[in-house]
Amino acid sequence: MKAALFHQHGGPEVVRYEDTAMPSVGAGEVRVQVKACALNHLDIWVRQGIPAYSVPLPHIGGCDVAGIVDQVGNGGSGISSGERVFLAPGLSCWRCEFCLSGRDNLCASYRILGAQVNGGLAEFVTVPALNVIPIPGDLSFEQAAAFPLTGVAVWHMLFELANLQPSEDVLVLGAGSGVGSMAVQIAQAAGARVITTVGSDDKIEQARALGAHDVIIHTRENIAERVKSLTGGRGVDVVVEHVGPATWEQSIRSLAKGGRLVTCGATTGPSVTIDLRYLYMRQTTILGSFMGTRAELLHVAKWMTEGRIHAVIDCVMPLKEARAAQERMSERKLFGKIVLTP
């Protein structure tokens with residue numbers, strides 16, 4: 001089969017489109033013919049090589065996958081060949097105390113498809129049968145591939161951790177990103193007033209179309225000052241942060257007293273500083289978030305089916321152009337998700 005893979009860590013130039021072995025199917029597994037696979041920043045980090053995601057080489061990335069069931073191994077009951085499916089990106093043991101209590105994203109053996117194991121940037125991928133979910137409604141393969149990872153991450157951030165309430169004010173960093181475009185929609189659908197940031201004027205109307213009440217151009221406006229102006233000096237109740245050092249201080253200072261900042265990423269670097277006096281005097285809560293639970297993923301899928309939210313797709317490209325697609329993501333030229341099709 002054909003796949004977009006890399007034999008060594010490095011820049012986009014290490015990505016190759018070439019023949020590789022067809023994945024086998026063991027007991028309790030399902031092989032899926034990939035019809036669409038969306039990119040995430042995680043694909044870039046894994047390709048670059050970071051300690052948290054040590055992978056055997058060559059490696060096939062791709063966390064968000066939709067396709068057709070090709071072959072079902074023994075024990076894959078309830079799944080039929082030819083079925084339209086999307087894949088839950090989180091791989092758990094389903095036996096530990098966390099999994100059995102519905103907190104599978106805390107599983108000690110938790111892995112992400114396309115990170116620690118080969119993913120969907122290929123014509124076929126094999127996964128545990130438990131990770132195969134029927135595509136809800138009439139979603140296209142591209143739409144079904146563009147929401148799982150960011151959708152479940154945002155749901156977990158907003159509801160499980162930040163305990164978002166209707167009518168609260170929310171600041172979402174980077175409306176044009178996968179996390180940002182999903183967070184704007186979910187927060188707005190939950191009844192919150194959403195303020196978001198973009199890097200250029202051409203993204204303002206796109207952000208408003210997703211449900212943002214106010215849009216800040218972070219390249220020429222001070223985020224915290226603008227937030228305070230928009231909220232009558234109060235600040236926001238929740239900040240959805242996934243950028244890191246480039247926005248961290250502004251995010252903290254955008255919070256109202258008793259506000260909650262929830263973070264799931266660090267696209268501009270891993271280290272930030274915190275003035276503890278500011279933190280405790282304003283009774284600020286900082287929450288770290290990693291992925292989400294299977295139940296939360298199903299909630300997101302339900303909202304997708306009901307039309308309350310949708311997958312924001314920047315462009316669809318052929319798999320053979322995976323290198324160019326990753327370059328586009330690294331250059332932040334996109335609004336929404338890049339989807340690759342074999």
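## Exercises on strands, helices and their contacts

Glu 142 is found in helix 3 (residues 141-145). Helices (H or I, at least four residues) and strands (E, at least two) are DSSP runs, numbered from the N terminus. The model is predicted, and local features need pLDDT of at least 70, side-chain atom pairs count only at pLDDT 80 or more, while totals for chains, interfaces and linings use all residues. Residues are numbered from 1 along each chain as its sequence is written, and side-chain values use heavy atoms, with hydrogens and water left out.

### Exercise 1: Glu 142 and Thr 341

Task: What are the accessibility classes of Glu 142 and Thr 341, and which residues does each contact?

Solution.
- Step 1. Begin with the classes: buried means under 20% relative accessible area, exposed over 50%, partly exposed in between (1.4 Å probe, protein chains only).
- Step 2. Glu 142 has 25% relative accessibility, so it counts as partly exposed. Thr 341, at a relative accessible area of 18%, is buried; Thr 341 lies in strand 18 (residues 337-341).
- Step 3. Now the contacts, meaning heavy atoms within 4.5 Å. With neighbours within four places in sequence left aside, Glu 142 is in contact with Ala 36, Ile 313, Val 316, Val 339 and Thr 341.
- Step 4. Thr 341, not counting residues up to four places away in sequence, touches Lys 35, Ala 36, Glu 142, Val 316, Met 317, Pro 318 and Leu 319.
- Step 5. As a distance check, Glu 142 and Lys 35 are 107 residues apart in sequence, with 7.8 Å from C-alpha to C-alpha.

### Exercise 2: The sheet around strand 11

Task: In what order do the 6 strands of the open sheet stand, and which strands form its edges?

Solution.
- Step 1. Use the pairing rule: two strands pair if DSSP finds at least two bridges between them.
- Step 2. Strand 11 (residues 169-172) runs parallel to strand 12 (residues 193-198), and 4 bridges join them. Here Val 172 stands opposite Thr 196.
- Step 3. From strand 11 the chain passes through helix 5 (residues 178-189) to strand 12 in a right-handed β-α-β crossover. Right-handed means that, with the strands pointing away from the viewer, the path from the first strand over the helix to the second runs clockwise.
- Step 4. Strand 11 also pairs with strand 14 (residues 236-241) in the parallel sense, over 3 bridges, and Val 170 has Val 238 as its bridge partner there.
- Step 5. Strand 12 is joined to strand 13 by 4 bridges, again parallel, with Thr 196 opposite Val 215.
- Step 6. The full order is 13-12-11-14-15-16, with parallel pairing. Strand 13 (214-217) and strand 16 (285-288) are the edge strands, each pairing on one side only.

A follow-up: are the faces of strand 11 covered or open? In a regular strand the side chains alternate between the two faces of the sheet. Both faces of strand 11 are covered: Asp 169 and Leu 171 are buried on one side, Val 170 and Val 172 on the other.

### Exercise 3: Two helix pairs

Task: How do helix 1 and helix 11 pack, and at what angle do helix 4 and helix 10 cross?

Solution.
- Step 1. Two packed helices are described by the angle between their axes and the distance between the axes. Axes are lines fitted to C-alpha atoms, for helices over the stretch in contact, and angles run from 0 to 180 degrees between N-to-C directions.
- Step 2. Helix 1 (residues 41-48) packs against helix 11 (residues 322-330) at about 110°, with the axes 10 Å apart. That makes helix 1 roughly perpendicular to helix 11. Angles under 35 degrees count as roughly parallel, over 145 as roughly antiparallel, 65 to 115 as roughly perpendicular and the rest as oblique.
- Step 3. His 41, Asp 43, Ile 44 and Arg 47 of helix 1 make the contact with Gln 326, Met 329 and Ser 330 of helix 11.
- Step 4. The axes of helix 4 (residues 148-161) and helix 10 (residues 294-306) come within 9 Å and cross at roughly 105°, and the two helices are therefore roughly perpendicular to each other.
- Step 5. The helix 4 residues that meet helix 10 include Trp 155 and Phe 159, and Trp 303 is among those of helix 10.
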